[in-house]
Amino acid sequence: MSSKRIESLREMLEPAVNAVGMDLWGIEFLSQGPHSVLRVYIDSADGVTIENCEAASHQVSGVLDVEDPISGEYNLEVSSPGMDRPLFNFDQFACYSGELIKVRLQMAINGMRNFTGKLLEAKDDSLTFEVDKQQLTVSINQIDKANLVPIFD
């Protein structure tokens, strides 16, 4: 699903998620034929409970039933972003400066498409990581997928 369609879904579903007191963290659509999945991540400063997920799922399902923005069959999943939270936009990356992030790029840069690095700086839609004691700067638009790497002390 294109980023434009994901953004359209976000605009459509955000009010439904906000209506149950939650924030819409992000949306993923995994196209797998009859086993496709629309994953909606919700968050709040107080955390996310199963009851929050149920309430948001009910609201989101209602909007999807009325608007019918996705053709074909799919399963809806509503969940917390978890400790290894996916990062979807520049502001989310900026909040995790100094943290380890696992990144998959759309196309390889310097022979790397997948890496884990410490986010050193988020500025002007560019992200600078420390990877193997070297700095790598990428545009937010070059990132296919990124997840925070939880550190357990």
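A residue is taken as exposed when its relative accessible area is over 50%, and as buried when that area is under 20%. In this predicted model, aspartate 68 has a relative accessible area of 54% and is therefore exposed. Aspartate 68 is placed in the loop that runs between α2 (50-67) and β3 (75-79), and its phi is near 50°, a positive value in a residue other than glycine. Most residues other than glycine have a negative phi.

A positive phi is also found at aspartate 132, where the angle is about 50° although the residue is not a glycine. Aspartate 132 lies in the loop between β6 (126-131) and β7 (134-139), and, with a relative accessible area of 69%, this residue is exposed because its value passes the cut-off of 50%.

The strands on either side of that loop, β6 and β7, each give two or more residues to the largest nonpolar core, as do α3 (90-95), β4 (100-109), β5 (112-123) and β8 (143-148). This core has 21 residues, and those with the most contacts inside it are Phe93, Ile101, Val103, Leu127, Phe129, Val138 and Ile143. The largest share of the core, four residues, comes from β4.

When residues up to four places away in sequence are not counted, leucine 127 touches Phe90, Phe93, Leu119, Glu121, Ala122, Leu136, Thr137, Val138, Ile140 and Ile143. Apart from the largest core lies another core, of 18 residues, which includes Ala16, Leu24, Phe29 and Ile70.

Notes. Residues numbered from 1 in each chain as written. Predicted model: local features only at pLDDT ≥ 70, side-chain atom pairs only at ≥ 80, totals over all residues. Heavy atoms only, no water. Buried < 20%, exposed > 50% of the residue type's maximum accessible area, 1.4 Å probe, protein only. Core = buried A, V, L, I, M, F, W, Y, C linked by side-chain atoms within 4.5 Å. Contact = heavy atoms within 4.5 Å.
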